[in-house]
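The exercises below are meant to be worked through with the sequence and the structure open side by side. Each one sets a task and then gives a solution in steps.

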There are 2 protein chains.
Amino acid sequence: MAENILLVEDEEKLARMVEMELRYEGYEVAKAFDGRSGLEQALSGKYDLVLLDIMLPQLSGMEVLRRLRRESDLPVIMLTARDSVIDKVSGLDSGADDYITKPFAIEELLARIRAALRKRSVRSGKILTAGDLVMDVERHQVTVKGQSVELTKKEFDLLHQLLENKGRVLTREALLDSVWGFDFVGETNSVDVYIRFLRSKIDEAFGFKLIHTVRGVGYVIRED
Amino acid sequence: MAENILLVEDEEKLARMVEMELRYEGYEVAKAFDGRSGLEQALSGKYDLVLLDIMLPQLSGMEVLRRLRRESDLPVIMLTARDSVIDKVSGLDSGADDYITKPFAIEELLARIRAALRKRSVRSGKILTAGDLVMDVERHQVTVKGQSVELTKKEFDLLHQLLENKGRVLTREALLDSVWGFDFVGETNSVDVYIRFLRSKIDEAFGFKLIHTVRGVGYVIRED
DNA sequence: ACCCATTTTTAAGAAAGCATAAAGTACCCT
DNA sequence: AGGGTACTTTATGCTTTCTTAAAAATGGGT
């Protein structure tokens, strides 16, 4: 589930360069070369973040931002020319999440993208539940019947994944992908072992059964 | 409670003119005619905003800004000569809130002053607490059980960030972004070290535990 | 009921993450 | 210039977490 980035930039050479770097980092990238189509695509709901040049044909970046902000709070990072300082100020005022002046080091751009995406993911601080179990994602806290349960990072991530897919059976492979990362090599029974850890801290400790094994398929959380 | 504005400007004629206009608008105004005394007054804590000329005897405006920013987040609007674009850029980069080029219309200056003061009043005027700890953001002061705790700027900013997100776990990267800035390069454990400083000044000195480590994730302030 | 594939459990070594002290650097003040 | 303060980096030991592997248990098909 790579993040989708929309790049709105009319200088094709720069756009191609940035696109390449972003893809290399594992992002999905779409491009628009003018303000009008950029706005249109940004509103499509397909993207997680927009990189928006200020100087654009058809509709200026500022204008795109202003219109976008009427309907969406999609994260936007403005790309501004070196000496157009005024843009910086008014851009942030009209709702950009960040700005970066051209020419920029790609590393800095990447850092800002990460920060903007992180900010968004915090925004949607959600609570997941299953029976008596409550997970507060941003607080990184899990309670059962009001009582706090201490989980390590892997345990937490695994439980998180299962809760996000409550009722759906997840294969070991799918869990490895999402919790351990796709670049995991070789045979391992880590998932099984961590399921065991979770069961002993949750199911056994509180005397019910949330985590079910589906033989030959995988694991699932069911609240019954 | 009129806002106090410090005007640092060596052209006396201009200074007198601006002072008159500001007073007419209901602001309290103090003046300084060189960088050194300007910096000194700015640091006194009496002012809500500084108008800072770039060209100053003794200590340039840029230098004043730089030193001021080491200890304070007081809003600063730079006054720059017509075409000194370089100054504009590096001024904002080094932490000015806005700039205006001379000669300027007084109405524009007033608008920017209002904007800067508004921005500040949104960001602060706030008291943050966690257990027995109280942070007065504006006064840049922290007390525990009524007893004042001396913190350096970085320590303060880090604690501030943690308090603003009390209960939410913040990653090292997020803290680096918000406290140290994006342009931080390379590997560093500065966050860890500053957490240690805070712990020794707060948790250890007063015998409780506010700052918690969430292994594999980051740090969080929890008051329980 | 028995067997085999699958899953669970256990345990121990490896690795990662963290805390801390101390050295190093930059910068200002006098 | 020298001392002081704030900040950053480096190094080290320790603790927790993760991984692996192998033994024990379980379940379902025949």
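**Exercise 1. Phosphate contacts of DNA strand C**

How many Å separate a phosphate oxygen of DNA strand C from an N or O atom in the side chain of A:Y219? Use the answer as a starting point for describing the surroundings of this strand in what is a predicted model.

*Solution.* Step 1: begin with A:Y219, where an N or O atom of the side chain is 2.4 Å from a phosphate oxygen of DNA strand C. Step 2: look for other phosphate contacts, and find A:R199, which brings a polar side-chain atom to 2.5 Å from a phosphate oxygen of the strand, and A:G216, whose polar backbone atom is 2.7 Å from a phosphate oxygen. Step 3: ask which elements give two or more residues to the surface near DNA strand C; these are helix 8 (190–206) of chain A and, from chain B, helix 3 (61–71), helix 8 (190–206) and strand 11 (211–214).

Step 4: widen the view to the 23 residues that surround DNA strand C, the closest being A:R199, A:T213, A:Y219, B:R70 and B:T213. Among the atoms of the strand that come within 4 Å of the protein, 82% belong to sugar and phosphate. Step 5: sort the residues of this surface by class, which gives 13 charged, 6 polar and 4 nonpolar residues.

**Exercise 2. The surroundings of DNA strand D**

Describe which residues and elements surround DNA strand D, and pick out individual polar contacts.

*Solution.* Step 1: count 22 residues around DNA strand D, with A:T152, A:W180, A:N189, B:T152 and B:W180 as the closest. Of the atoms of this strand that come within 4 Å of the protein, sugar and phosphate account for 64%. Step 2: take the contacts by the part of the strand they reach. A phosphate oxygen is 2.7 Å from an N or O atom in the side chain of A:W180, a sugar or linking oxygen lies 3.3 Å from a polar side-chain atom of B:Y194, and a base oxygen is 3.2 Å from an N or O atom in the side chain of B:N189.

Step 3: assign the surface to elements, noting that helix 6 (153–164) and helix 8 of chain A, and likewise helix 6 and helix 8 of chain B, each supply at least two residues. Helix 8 of chain B gives the most, with 4 residues. Step 4: divide the residues of this surface by class, which yields 8 nonpolar, 8 polar and 6 charged.

**Exercise 3. Aromatic pairs**

Compare the geometry of the pair A:F206 and A:F208 with that of the pair B:W180 and B:Y194.

*Solution.* Step 1: note that 6 aromatic pairs are counted over all chains. A:F206 and A:F208 are stacked, with 6.5 Å from centre to centre and 20° between the planes. Step 2: compare the accessibility of these two residues: A:F206 is buried because its relative accessible area is 17%, whereas A:F208, at 22%, counts as partly exposed.

Step 3: turn to B:W180 and B:Y194, which form an edge-to-face pair, 5.7 Å centre to centre and with 75° between the planes. This pair links distant parts of the chain, since B:W180 is in helix 7 of chain B and B:Y194 is in helix 8 of chain B, 14 residues apart. B:W180 has a relative accessible area of 15% and is therefore buried. Step 4: in chain A, find the cluster in which ring pairs link A:W180, A:Y194 and A:F197.

**Exercise 4. The nonpolar cores**

Which residues have the most contacts inside the largest nonpolar core?

*Solution.* Step 1: the largest nonpolar core has 28 residues, and those with the most contacts inside it are B:L133, B:M135, B:V142, B:L159, B:L162, B:L163 and B:I221. Step 2: list some of the elements of chain B that each supply at least two residues of this core, including helix 6 (153–164), helix 7 (172–180) and strand 12 (218–221). Step 3: follow B:I221 outward to residues more than four places away in sequence, where its contacts include B:L159, B:L162, B:L163 and B:L210. Step 4: apart from this core lies another, of 27 residues, with A:M135, A:L151, A:L175 and A:I211 among them.

How values were computed: Residues numbered from 1 in each chain as written. Chains lettered and ligands numbered in written order. Predicted model: local features only at pLDDT ≥ 70, side-chain atom pairs only at ≥ 80, totals over all residues. Heavy atoms only, no water. Near = heavy atom within 4 Å. Polar contact = N/O pair within 3.5 Å; in protein donor to acceptor, adjacent residues only side chain to side chain. Nonpolar A, V, L, I, M, F, W, Y, C, P; charged D, E, K, R; others polar. Core = buried A, V, L, I, M, F, W, Y, C linked by side-chain atoms within 4.5 Å. Buried < 20%, exposed > 50% of the residue type's maximum accessible area, 1.4 Å probe, protein only. Contact = heavy atoms within 4.5 Å. Phe/Tyr/Trp six-rings, centres within 6.5 Å; stacked < 30°, edge-to-face > 60°.
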